[in-house]
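Here is a colleague's note on the model, set out as numbered points. Please read it with the structure open beside you.

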Amino acid sequence: MYQWDFAALWQFRSLIAVGFGYTLAFTIACVLLGLLLGLLVGLGRLSSNPFISAPLRGYVELFRCTPVLVQLVWFYYALPVLAGIEMSAGTAALVALTLYGGAFYSEIIRGGIVSIDIGQTEAGSALGMTRLQLMRRVILPQAFKRMTPPLVSQSIMQLKNTSLLSVLAVPDLLYQGQIIAHETYRPLEIYTLVAVMYFLILLPATIWAKRLETRLNQQQGA
Amino acid sequence: MRPTSNEVMIDIQNLKKAFGDHVVLKDISMQVNKGSVVAMIGPSGSGKSTLLRCINLLTVPEQGSIRVGQQQFSFGSGNKASKPLKDRELAKFRTNTGMVFQHFNLFPHMTALENVMEGMLTVLRTPKAEARAYALELLQKVGLTDRADIYPQRLSGGQKQRVAIARALAMRPSVMLFDEATSALDPELVGEVLNVIRSLAAEGMTMILVTHEIAFAREVADQVIFMRDGVVVEAGAPSVVIDNPQQAATQAFLTRFNG
């Protein structure tokens, strides 16, 4: 029977804290930048000008149809060789995760907008609204309600994807865990702890997302 | 019958519209005097709804010209206006007309009052207090003062359509367009909407109604237009077009209503 010894991890608490901080910071940065990118790309893909919508579609498909781990490694190793752009591991990871998340966010946002009944556009237009007014006052307020649950679950995916940063030696939670495992020969304890920490961040997030969804469904608009 | 002026409010010349190979409007010309009420009747697919939607350019025709009040648009080859229409020009043109849709199309995230205020606030930039006062006045006019703070989801079909009429009136349009405004309603709710339209007619509002309510068209319209296959088959006073149609197509269409 295996003898668990979590006490051995106590001396590494500051390493774990750093890892926790990196994971949270990368998640927040990737979610915010990804959402911003996703909004711009999602709106751009609705453009009637094919010189705008077609390249954006290419971007979305490229990032949706390749594994995020491959993207991370590619941005870190291949891009410097091809384009002569040197990036720190952290920057490469931030760029790759933002582009990856942005592709998925943009599809959620675009889907939310096109799901709004054409009658809403017609009613707003008939009142004399410009396209911008229509988007701001009529379409987006309704679309955001529908988008919120999938946007939240995509953001949860973003957090989990930050565990891939360890591949580029970014000191996130998992990477710190690996270091501690080497030091202590206690991989079971440390990886259990890492898993529990991810779980403790994400469980409240998913419960909150579920509540939000229920509340949105109960609201008048549903 | 109400006195109508001789001032032409809507002038449509040689309008043509096709969706792909399917020609929906074939060279339509018509004029509507200020204060008159025009009912457009005809079988489905006759082009009457498309014609109505051309009047506020929700559907953009290929050829012809449309004038509503002081504003005019021309369409067709060799014409400067055949370029893609500018968003702002279109929006400005549309403030001249109010439209009521078959499926109401109320904004579900706004209360009845907010729906009526929306155009005034966003498009006309009316101060909020003023917009609110006028919106309440309009809700009173359509008999819905007590529903002001209710969201559309909790309104009956007839109530929704009356809010939609108030929303369109809030823009103080010179013309009101009704696209089968009672077709989606339960029979017992049709009357309350027709009453509102009737009172607008009595106030001298210029209106065009696409409708299947032949009896109502006869009662309220000064002019009835019967359309089929993208052309105006017959137009004139209801006493002629409905009670004494000259064309075989009109007669055949009306027999179905009179049983």
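1. Which residues of helix H8 of chain A are buried? This is a predicted model, and in it the buried residues of H8(A) are A:Glu189, A:Ile190 and A:Val194. What covers these buried residues includes helix H7 of chain A, which covers residues 173–184.

2. The length of the same helix can be checked against its residue count. Helix H8 of chain A has 32 residues, 187–218, and at 1.5 Å a residue it should span 46 Å, because the expected span is 1.5 Å times one less than the number of residues. The C-alpha atoms at the ends of H8(A) are 46 Å apart, so the helix agrees with the expected span.

3. Turning to chain B, the reader will find an open sheet of six strands, with mixed pairing and the order E6-E7-E8-E3-E9-E10. Strand E6 (97–100) and strand E10 (231–236) of chain B are the edge strands, each of which pairs on one side only. From one strand to the next, the twist averages 15°.

4. At one edge of this sheet, E6(B) and strand E7 of chain B, residues 175–179, run parallel and are joined by four bridges. As an example to locate in the structure, B:Met99 has B:Leu177 in E7(B) as its bridge partner.

5. The division of chain B deserves a careful look, since domain 1 is made up of the segments 1–78, 85–96 and 175–259, whereas domain 2 takes in 106–172. The centres of domain 1 of chain B and domain 2 of chain B, taken over C-alpha atoms, are separated by 25 Å.

6. Where these two domains meet, ten residues of domain 1 of chain B are in contact with ten residues of domain 2 of chain B. On the side of domain 1 of chain B that touches domain 2 of chain B, helix H6 of chain B (residues 187–202) gives the most, with four residues. By class, that side of domain 1 of chain B has seven nonpolar, one polar and two charged residues.

7. Finally, the contact between the chains takes 22 residues from chain B and 18 residues from chain A. On the side of chain B that touches chain A, helix H2 (87–94) and helix H3 (112–122) of chain B each supply at least two residues, and H2(B) gives the most, with five residues. The residues on that side of chain B divide into nine nonpolar, eight polar and five charged.

Key
Residues numbered from 1 in each chain as written. Chains lettered and ligands numbered in written order. Predicted model: local features only at pLDDT ≥ 70, side-chain atom pairs only at ≥ 80, totals over all residues. Pairing = 2+ DSSP bridges. Axes fitted to C-alpha atoms, helices over the stretch in contact; angles between N-to-C directions. Buried ≥ 20, exposed ≤ 12 C-beta atoms within 10 Å, placed from the backbone. Contact = placed C-beta atoms within 7 Å. Domains from an automatic or database assignment. Nonpolar A, V, L, I, M, F, W, Y, C, P; charged D, E, K, R; others polar.
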